[in-house]
Amino acid sequence: MADSQSNNAWKFMMMVFVVLICALYVVSAQIRYSVPEEMEQGAVIGNIAEDLGLNIATLSGRKVRLVADYTKRYLEVNLENGLLLANERIDRDKLCGPITTCVLSFQIVFENSPEMYRGEVEILDINDNSPSFPESVILLRMAETMAPGSSFPLESALDPDVGTNAVSDYNISPNEHFCLKEKFVDDGTKIVQLLLEKPLDRERQSSFQLMLTATDGGNPPRSGTARILITVLDSNDNAPTFAREIYKVSLIENSPRGTLVVSVHATDLDEGSNAEVTYSFSNRVSQKMQELFSLDPRTGEIRVQGIIDYEGASSYSLDVQAADNGSPAIIGHSKVLIKLIDVNDNAPEIKVTIISSMVPEDAAPGTVAALVNVNDRDSGNNGKVHCEIHKNVPFKLQSTKIGNYKLITSDMLDRENTPLYNIAILARDSASPSLSTNTTILISVSDVNDNAPRFARPMDTVYVTENNSPGASIFAVTAFDPDQDQNSYVTYSFIDNLIQVLPLSNYLNLNSMNGTIYALRSFDYERVKNFQIQVQARDAGVPPLSSSATLNVIILDQNDNAPVIVSPSAQSGSAGVEVVPQSAGQGYLVTKIIATDADSGQNARLLYQVLKATDPSLFIVGLHSGEIRTARGILEQDSTTQSLVILVKDNGQPSRSSTATIHFSILGNVTEIFSESSNSVTNPEYVSDVNLYLIVILGSTSFIFLATIILLIGIKCKQDRNSPEDYNSPSICYGLDDSNNAFNQRPILKESLNYTGAGEIIHIPDTHHYSVCLSPESAKSDFLFLKPYIPPMSQGQC
């Protein structure tokens with residue numbers, strides 16, 4: 001029994017073993033695929049159903065599931081067609097890194113079945129990454145004294161790809177100093193070194209920029225680069241060098257302090273403290289120059305610090321040096337040449353030498369008065385000077401040589417017009433803007449007796465009132481001589497003349513020093529109405545010069561004469577008997593009072609009026625004419641004898657007057673009386689005394705009237721011959737005409753009588769026609785002379 005149990009157990013174990021072997025066989029069955037990385041999502045990797053010999057229909061029925069041991073699900077199985085698909089893009093470099101073989105393992109498991117299949121997908125590397133260096137810029141510092149053969153390790157490039165796609169080669173940009181040296185270390189890694197092949201010179205090339213390139217073995221190959229910046233470290237083996245051996249600059253004079261002249265610049269091919277430069281003047285620069293200019297030791301700026309004057313020096317030379325801070329220091333030298341530019345900062349200078357401060361006014365043109373010298377310290381156009389005279393004066397500048405002039409007269413001088421000349425001389429340079437200088441020369445003109453005395457009024461009229469006081473001044477003449485000193489001293493004298501056959505000295509005296517004229521006697525208008533004298537003014541020059549003036553002396557009338565009644569003639573103030581016919585009507589001219597006044601103007605203007613009358617209502621007298629007329633008809637009851645007292649007065653101030661008494665006899669029939677008288681002449685016994693009286697009176701009156709007229713005409717004509725003809729006073733003439741046996745006054749006016757003193761114009765009524773001439777000596781002109789009437793057509797003068 002035990003053996004059977006043992007046999008059964010053995011059988012059971014064998015069955016289990018067989019099952020396990022079968023199961024182990026199923027599990028151990030696997031498939032392997034190889035695909036490149038970076039396949040797109042959904043890309044077919046392989047056909048699992050076909051590769052495992054499975055029926056496609058059983059795949060979905062048996063619920064196949066893909067199990068992987070990685071987090072992301074990179075693969076999946078399509079149960080409908082049994083294809084193994086890429087579930088997302090697979091990056092081998094990211095998934096496996098530097099591992100050479102990159103495999104994705106998976107298992108295919110059937111639910112409710114012990115069957116299980118293993119699979120692997122090897123992700124093959126593609127050259128999808130370029131080599132890259134840890135740093136894009138590699139900085140290296142090398143001393144310029146480093147010996148050739150020295151090497152410097154470089155960082156290796158990294159490439160995520162593997163195999164042949166990894167970095168395989170390094171290159172460097174071509175240059176004459178460096179090359180690459182590659183070698184492998186114990187772990188098989190390739191390293192690269194930079195090798196110095198040729199000595200460095202920092203002054204020639206202080207830095208290098210090389211391009212390091214790493215290339216992989218892919219197809220096509222990829223590469224990556226890095227820049228190698230090499231700085232060459234300095235050693236003090238170079239002296240500072242100026243940018244220019246000689247600096248040439250221009251500087252305007254009078255530049256203000258602080259003005260930049262030039263900036264010198266020196267460079268040292270060394271670096272660091274070996275290239276730090278300090279500027280200074282050399283020992284050859286004098287202290288005076290260093291007072292004019294300053295040099296900044298750090299910047300090399302040369303600036304003005306003193307007064308720069310072109311007239312003191314037109315150029316400067318400065319020696320400058322630059323020393324580096326190396327040990328020992330090395331010095332470089334340069335020269336600065338400064339040329340000054342002239343500025344028009346100096347006005348022209350004028351120097352005058354007076355030849356003669358007094359020039360005679362008769363000096364000929366070209367007479368030298370002064371010498372003028374002009375100078376300008378500036379140069380070029382700034383120092384070219386033009387000299388001229390400001391005003392229009394009879395002087396001019398005549399150039400003798402550059403900067404020298406003569407001041408000469410250019411025209412005739414006249415001291416009387418300009419006794420002193422302020423000649424302004426202007427000196428102007430040719431700069432823009434220009435500077436100028438003014439100076440004034442005083443030239444006096446000395447006098448020459450070339451002017452005769454000049455009367456203020458060569459023709460003048462002197463009015464003297466008659467009855468003047470002897471010895472009184474009546475006028476003063478004044479003459480002016482524009483000359484100077486004794487040439488201008490004037491004395492006055494009369495030129496010999498006569499006044500009514502008497503010497504002038506009998507009437508007048510003249511003060512020879514001041515020209516005052518004195519009357520030696522009283523003048524009588526009725527004897528002398530006017531006369532003319534000549535006064536001479538004579539200077540004291542050598543030879544003397546003289547001139548004369550003419551004075552018309554007019555004697556002005558005073559009311560010193562009373563009127564004189566000429567007609568009817570009267571003795572002891574009474575006239576004869578005037579006969580008036582009984583039949584005389586109103587306005588009958590009985591007689592006319594004729595009176596004269598030796599005065600003139602208003603003083604001779606006569607007015608007539610009745611002073612006393614037997615019957616005031618019977619007769620009237622013309623105020624201006626003196627005509628006595630009947631005021632009414634004569635009545636029977638009127639007295640046959642009448643008398644009138646007539647007052648004749650002038651218009652003077654005060655007035656003068658005369659009176660006349662006229663008797664009138666009124667007769668019944670004058671014609672019968674005259675006839676009877678004629679018949680009875682043969683019989684003397686019938687001639688009455690009254691008739692005889694009437695005849696004598698009428699004859700005497702007529703004779704006296706005619707004689708008076710003839711006498712007055714003669715006197716007036718004589719006065720006209722003695723009177724000057726050039727007076728401008730107006731004259732008025734009246735004619736005398738006898739018409740209708742009566743005197744009719746009819747004025748013939750050359751112009752109206754204008755009594756300026758009274759301010760009235762008097763018009764004479766048109767009655768009797770006679771001629772009266774007015775005196776020209778008085779503004780108050782009135783009747784003066786009686787003359788015969790001249791018809792208007794002849795326009796005769798009185």
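How many bridges join β11 to strand β12, and in which sense do the two run? Seven bridges join them, β12 covers residues 190-196, and the two strands run antiparallel. Before going on, I should say that this is a predicted model, in which local features need pLDDT of at least 70, side-chain atom pairs count only at pLDDT 80 or more, and totals for chains, interfaces and linings use all residues. Residues are numbered from 1 along each chain as its sequence is written, and side-chain values use heavy atoms, with hydrogens and water left out.

A word on terms: strands are DSSP runs of E of at least two residues, numbered from the N terminus, and two strands pair if DSSP finds at least two bridges between them.

Let me start with the sheet that holds β11 and β12. It is an open sheet of three strands in the order β9-β12-β11, with antiparallel pairing. Its edge strands, each pairing on one side only, are β9 (151-154) and β11 (178-184), and from one strand to the next the twist averages 30 degrees, where axes are lines fitted to C-alpha atoms and angles run from 0 to 180 degrees between N-to-C directions. On the β11 side, E182 stands opposite V192 in β12. On the other side, β9 and β12 pair over four bridges in the antiparallel sense, and F152 has L194 in β12 as its bridge partner. In a regular strand the side chains alternate between the two faces of the sheet. In β9, F152 and L154 make up a covered face, while S151 and P153 make up an uncovered one.

The second sheet is also open, with three strands in the order β17-β21-β20 and antiparallel pairing. Here β17 (260-263) and β20 (293-295) are the edge strands, each pairing on one side only, and the twist from one strand to the next averages 20 degrees. Between β17 and β21 (residues 301-304) there are three bridges in the antiparallel sense, and L260 stands opposite R303 in β21.

Finally, the cysteines. Counting a disulfide as a pair of cysteine sulfur atoms within 2.5 Å, the model has one disulfide, which joins C96 to C102 with an S to S distance of 1.6 Å. The link of C96 and C102 is right-handed, with 60 degrees about the S-S bond.

Are these cysteines buried or exposed? Buried means under 20% relative accessible area, exposed over 50%, and partly exposed in between, with a 1.4 Å probe and protein chains only. C96 counts as buried because its relative accessibility is 15%, and C102 is buried at 1%. C179 is buried too, at 18%, as is C387, at 14%.
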